[in-house]
Amino acid sequence: MDVGAEELAVPERIHAMAYDDGSLDPVSLTQSGSDVLPGFFDGKYPMYVAGNYIAQQITESAPEGFNWAVLPPLAGTAGAAQAANPQTMSVAAESEHVEESAAFIDFFMQADHQAALAQGDWLIPSSTDARDLVAEQTAGENGWDAILASGEGLSAAPFQSAVNYPQWKDQYATPALQQYLADEITAEQLQTQLTDGWNSLG
């Protein structure tokens with residue numbers, strides 16, 4: 001594993017926003033899910049980092065007249081490409097209802113059904129037709145313009161085929177990033193922990 005300047009660019013930028021210019025509240029980086037929303041609604045911090053699925057909770061819980069937007073993902077040397085995290089559906093060969101199950105999957109994957117599901121969970125539809133339909137139905141409001149645009153950059157990332165990646169992420173990367181974003185370790189220490197953690201699994 002090579003953890004260099006490009007690999008550290010996003011965590012360093014987030015760290016700088018929290019501890020240098022104050023555009024992110026450091027506390028918000030240690031919170032999970034909707035825990036960050038009360039402070040956001042109260043104006044304690046102007047932005048926060050979270051999955052786009054939180055947008056549904058904003059639309060349901062924000063005070064009347066609350067003005068907000070979803071920012072596009074950060075662009076790197078390869079543009080705004082980001083790893084896709086698709087959900088898969090399959091039919092067990094042992095099933096007594098293989099044909100019916102396959103028919104349901106075909107039904108589920110139709111653009112209008114993907115679009116309806118997307119608007120309920122705010123996850124990016126996998127097909128272009130479904131994304132176009134969500135764009136039409138929502139008129140891009142409530143952050144959908146940025147969310148759908150980021151769907152154009154979804155790709156299979158090299159790390160997704162690395163056998164040890166899930167274990168490394170859980171045991172080393174996540175704890176190290178949590179320490180770094182809590183300002184408990186330096187970027188150099190983060191780099192060392194990420195690299196040494198990977199090497200220990202080899």
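# A tour from the salt bridge outwards

Start by selecting Arg-131 and Glu-152: the two form a salt bridge, and their closest N and O atoms are 3.6 Å apart. Show both side chains as sticks. This pair ties together distant parts of the chain, with Arg-131 in helix α6 (residues 128-138) and Glu-152 in the loop between α7 and β2 (154-155), 21 residues apart. Bear in mind as you look around that this is a predicted model.

Which of the two partners is buried, and which is exposed? Arg-131 has 8% relative accessibility, so it falls under the 20% cut-off and counts as buried. Glu-152, at 57%, counts as exposed because that value is over 50%. You can stop looking for other pairs of this kind, as the structure holds one salt bridge.

**Zoom out**

Now switch to a cartoon of the whole protein. You should find nine helices and two strands. Follow the chain from its start and the order reads α-α-α-β-α-α-α-α-β-α-α. Along its principal axes, the C-alpha trace spans about 55 × 50 × 30 Å.

Try a surface next. The accessible area comes to about 12,700 Å², and 51% of that belongs to carbon and sulfur atoms. Of the 202 residues, 27% count as buried. If you colour by charge, there are 4 positive and 29 negative charges to find, and the mean positions of the two sets are 7 Å apart.

How much of the contact network comes from residues 24 or more positions apart? Among contacts with a separation of 6 or more, such pairs account for 47%.

**Into the cores**

Hide the surface and select Leu-37, Phe-40, Tyr-48, Ile-58, Val-134 and Trp-144. These residues have the most contacts inside the largest nonpolar core, which has 17 residues. Helices α2 (37-41), α3 (54-61), α5 (111-121) and α7 (144-150) each supply at least two residues of this core.

Centre the view on Phe-40 and show what surrounds this residue. Beyond residues up to four places away in sequence, Phe-40 touches Tyr-45, Pro-46, Met-47, Tyr-48, Ile-58, Phe-66 and Trp-68.

Apart from that core lies another one, of 16 residues. To find this second core, select some of its members, among them Ala-18, Trp-168, Leu-181 and Leu-201.

**Three stops in the loops**

Go to Gly-22, in the loop between α1 (5-19) and α2. Gly-22 is partly exposed, with a relative accessible area of 44%. What does Gly-22 contact, leaving aside its neighbours within four places in sequence? The answer is Met-17 and Pro-46, and you have already met Pro-46 as a residue that Phe-40 touches. For a sense of scale, draw a distance from Gly-22 to Gln-119: their C-alpha atoms are separated by 32 Å, and the two residues are 97 apart along the chain.

The last two stops are about backbone angles. Most residues other than glycine have a negative phi. Select Ala-139, in the loop between α6 and α7. Its phi is near 55 degrees, a positive value in a residue other than glycine. Ala-139 counts as exposed, at 59% relative accessibility.

Finish at Asp-183, in the loop between α8 (165-181) and α9 (187-200). What is the phi of Asp-183? It is near 65 degrees, again a positive value in a residue other than glycine. With a relative accessible area of 42%, Asp-183 is partly exposed.

Notes:
Residues are numbered from 1 along each chain as its sequence is written. This is a predicted model: local features need pLDDT of at least 70, side-chain atom pairs count only at pLDDT 80 or more; totals for chains, interfaces and linings use all residues. Side-chain values use heavy atoms; hydrogens and water are left out. Helices (H or I, at least four residues) and strands (E, at least two) are DSSP runs, numbered from the N terminus. Buried means under 20% relative accessible area, exposed over 50%, partly exposed in between (1.4 Å probe, protein chains only). Contact means heavy atoms within 4.5 Å. Accessible areas come from the Shrake-Rupley method with a 1.4 Å probe; for residues, only the protein chains shown count as cover. Lys and Arg count as positive and Asp and Glu as negative; His and the chain ends are not counted. The place of a charge is taken as NZ of Lys, CZ of Arg, CG of Asp or CD of Glu. A nonpolar core is a set of buried Ala, Val, Leu, Ile, Met, Phe, Trp, Tyr and Cys residues joined through side-chain atoms within 4.5 Å. A salt bridge is a side-chain nitrogen of Lys or Arg within 4 Å of a carboxyl oxygen of Asp or Glu.
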